[in-house]
Amino acid sequence: MAEKVKEKIKEKSRVISQEKIAGDVYSMWLDSEQITEHAKPGQFISVFSRDGSRLLPRPISICEVNKEKKALRIVYRVVGKGTDEFSGLGEGDQIEIMGPLGNGFPLDRMEEGRKAFLIGGGIGIPPMVQLAKELKGEKQAIVGYRDELFLTGELNTYAEVYIATEDGSAGTKGNVLDAIKENGLTADVIYACGPTPMLRALKSYAEENGIECWLSLEERMACGIGACLACVCQSKELDEHSQVHNKRICKDGPVFLSTEIDL
């Protein structure tokens with residue numbers, strides 16, 4: 001089972017620092033008295049706009065947690081007015097956040113001698129950082145980019161890193177599966193987050209090779225707490241809430257065992 005956490009906290013947070021780390025990708029550290037105490041790798045927070053006309057918060061995955069300093073890091077891409085607003089925040093600015101939300105990656109799947117792939121594609125790379133920090137055992141991080149790299153240094157601190165780029169400017173030219181094949185990599189467990197085509201390919205790869213595979217689904221969310229049914233994926237079993245074959249990504253996920261869902 002993915003890690004389930006009941007705590008859900010809404011708090012005023014102060015921006016500790018923010019920097020642009022690639023193209024339209026930003027890294028922001030926020031202080032958090034309470035969320036950091038409960039956050040697990042693979043969970044996310046909802047970040048609320050300071051503009052009253054934007055009612056819905058933006059879900060952003062947790063990249064790193066520093067419990068000693070009571071701080072958490074989010075790394076996000078500017079894709080609309082909400083994230084554009086966030087990119088303009090600076091040290092000392094206040095913003096409201098809620099979390100930790102969703103179910104994270106299970107950390108108990110790495111029995112002695114097992115190896116793991118930590119696979120991230122694009123803006124699915126950030127949650128791999130905290131996962132790499134907390135997951136025990138041998139870890140290989142395979143990360144895919146269109147072109148410009150980010151977070152490779154952080155990942156390299158905790159795992160062996162392999163890079164794939166669409167334009168071939170770094171690492172393997174192609175996608176994450178191309179990098180796995182080119183480097184002859186093997187693993188017993190897969191943890192992955194990224195765009196649906198990548199996750200669909202990894203699901204097939206895992207099933208063909210008998211590998212346990214955990215996928216974190218990226219989807220635009222509305223409420224972030226499972227009430228509105230705006231973010232759903234097809235599931236093998238009947239959902240208790242909706243009584244149909246779907247799962248709420250924000251509530252039941254975002255992390256799922258690959259065999260439990262259809263992509």
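1. Contacts along the chain. In this predicted model, contacts between residues at least 6 apart in sequence can be sorted by how far apart the partners lie, and 62% of them join residues at least 24 apart. Two of the aromatic pairs described below give individual cases, with partners that are 50 residues apart in one pair and 86 residues apart in the other.

2. Overall make-up. The protein contains six helices and 16 strands, and 52% of its 263 residues count as buried. The area that the protein exposes comes to about 12,000 Å², of which carbon and sulfur atoms supply 45%.

3. Aromatic pairs, and the stacked one. How many aromatic pairs does a search of the whole structure find? The search finds three, and one of them is formed by Y26 and Y76, which are stacked with 6.0 Å from centre to centre and 20° between the planes. This pair links distant parts of the chain, since Y26 belongs to strand β2 (residues 25-31) and Y76 to strand β5 (residues 71-77). Both Y26 and Y76 are buried.

4. An edge-to-face pair. F105 and Y191 also form an aromatic pair, here edge-to-face, with 5.7 Å between the centres and 85° between the planes. Distant parts of the chain are again linked, for F105 lies in the loop between β6 (94-101) and β7 (115-121), whereas Y191 lies in strand β11 (residues 189-194). F105 counts as buried because its relative accessible area is 0%, and Y191 is likewise buried because its relative accessible area is 0%.

5. The surroundings of E85. A reader who turns to helix α2 (residues 81-87) will find E85 there. Is E85 buried or exposed? Its relative accessibility is 17%, and therefore E85 counts as buried, the cut-off for that class being under 20%. Once the neighbours within four places in sequence are left aside, the residues in contact with E85 are S49, R50, D51 and R54. With R54 there is also a polar contact, in which the side chains of E85 and R54 are joined at 2.8 Å.

6. A charge over a ring. A further arrangement to look at in the structure involves K10 and F48, where the charged end of K10 sits over the ring of F48, at 4.4 Å from the centre of that ring.

Definitions and conventions:
Residues are numbered from 1 along each chain as its sequence is written. This is a predicted model: local features need pLDDT of at least 70, side-chain atom pairs count only at pLDDT 80 or more; totals for chains, interfaces and linings use all residues. Side-chain values use heavy atoms; hydrogens and water are left out. Helices (H or I, at least four residues) and strands (E, at least two) are DSSP runs, numbered from the N terminus. Buried means under 20% relative accessible area, exposed over 50%, partly exposed in between (1.4 Å probe, protein chains only). A polar contact is a pair of N or O atoms within 3.5 Å; within protein, one must be able to donate a hydrogen and the other to accept it, and residues adjacent in sequence count only if both atoms are side-chain atoms. Contact means heavy atoms within 4.5 Å. Accessible areas come from the Shrake-Rupley method with a 1.4 Å probe; for residues, only the protein chains shown count as cover. Rings of Phe, Tyr and Trp (its six-membered ring) pair if their centres lie within 6.5 Å; planes under 30 degrees apart count as stacked, over 60 as edge-to-face and the rest as tilted. A charge sits over a ring if NZ of Lys or CZ of Arg is within 6 Å of the ring centre and within 35 degrees of the ring normal.
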